[in-house]
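Work through the exercises below with the sequence and the model side by side. Try each task before reading its solution.

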Amino acid sequence: MENTIVPQLKPRKWWIACLLSMVQPGLGQLYNGQAKKGITLFFLQSFLAIPLPLLVRYPSVLAFVTFCLLLLSVYIGVMVDAILNARRIGNNYLLKSYNRAFVYIGTFIAVAVIANIGSFTIKTYIVQAYKIPAASMEPTLLIGDHILV
């Protein structure tokens with residue numbers, strides 16, 4: 001007899017795909033074996049932060065609500081996509097090399113590190129927020145004013 005390795009079929013659970021998508025958009029797609037889609041959705045979610053400086057410069061309730069609704073709709077859309085694909089795949093999923101818990105955890109950690117490095121870089125080299133604690137600059141700057149420098 002010949003020793004052959006039989007590929008193992010592992011079912012995709014819709015609730016795990018949803019949970020991973022809630023933790024980080026794109027992880028649910030990675031869990032479902034859609035690595036390219038997962039990476040694309042991660043970058044799409046990252047680019048949603050681009051309008052944030054406009055919200056700081058031109059604050060308005062409408063702009064804030066619009067931004068929040070856009071962000072919420074992307075998160076919900078990513079979760080629904082992960083759930084539907086996990087249900088479609090069902091029990092007929094052949095594990096890929098990246099379908100391991102350490103890959104999911106490593107991806108989450110890498111995203112957190114990249115986000116912290118980006119935040120640090122922005123605060124150090126681009127813009128820093130300050131709150132005016134004293135009245136030394138009155139009447140130009142009042143106590144409690146927030147400025148970006």
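**Exercise 1.** Find the helix that holds I109, then decide whether I109 is buried, partly exposed or exposed.

*Solution.* I109 lies in helix α6; helices are DSSP runs (H or I, at least four residues), numbered from the N terminus. Next, apply the cut-offs: buried is under 20% relative accessible area, exposed is over 50%, and partly exposed is in between (1.4 Å probe, protein chains only). I109 has 47% relative accessibility, so I109 is partly exposed.

This is a predicted model: local features need pLDDT of at least 70, side-chain atom pairs count only at pLDDT 80 or more, and totals for chains, interfaces and linings use all residues. Residues are numbered from 1 along each chain as its sequence is written, and side-chain values use heavy atoms, without hydrogens and water.

**Exercise 2.** Place S46 in its helix and classify its exposure.

*Solution.* S46 belongs to helix α3 (residues 35–47). Its relative accessible area is 31%, so S46 is partly exposed. Now look across to V111: the two C-alpha atoms are separated by 9.9 Å, though these positions lie 65 residues apart in chain numbering.

**Exercise 3.** Which helix gives the most to the largest nonpolar core?

*Solution.* A nonpolar core is a set of buried Ala, Val, Leu, Ile, Met, Phe, Trp, Tyr and Cys residues joined through side-chain atoms within 4.5 Å. The largest one has 10 residues, including L27, L30 and Y31. Helices α1 (14–23), α2 (27–31), α5 (61–89) and α6 (101–126) each supply at least two. The answer is α2, with three residues.
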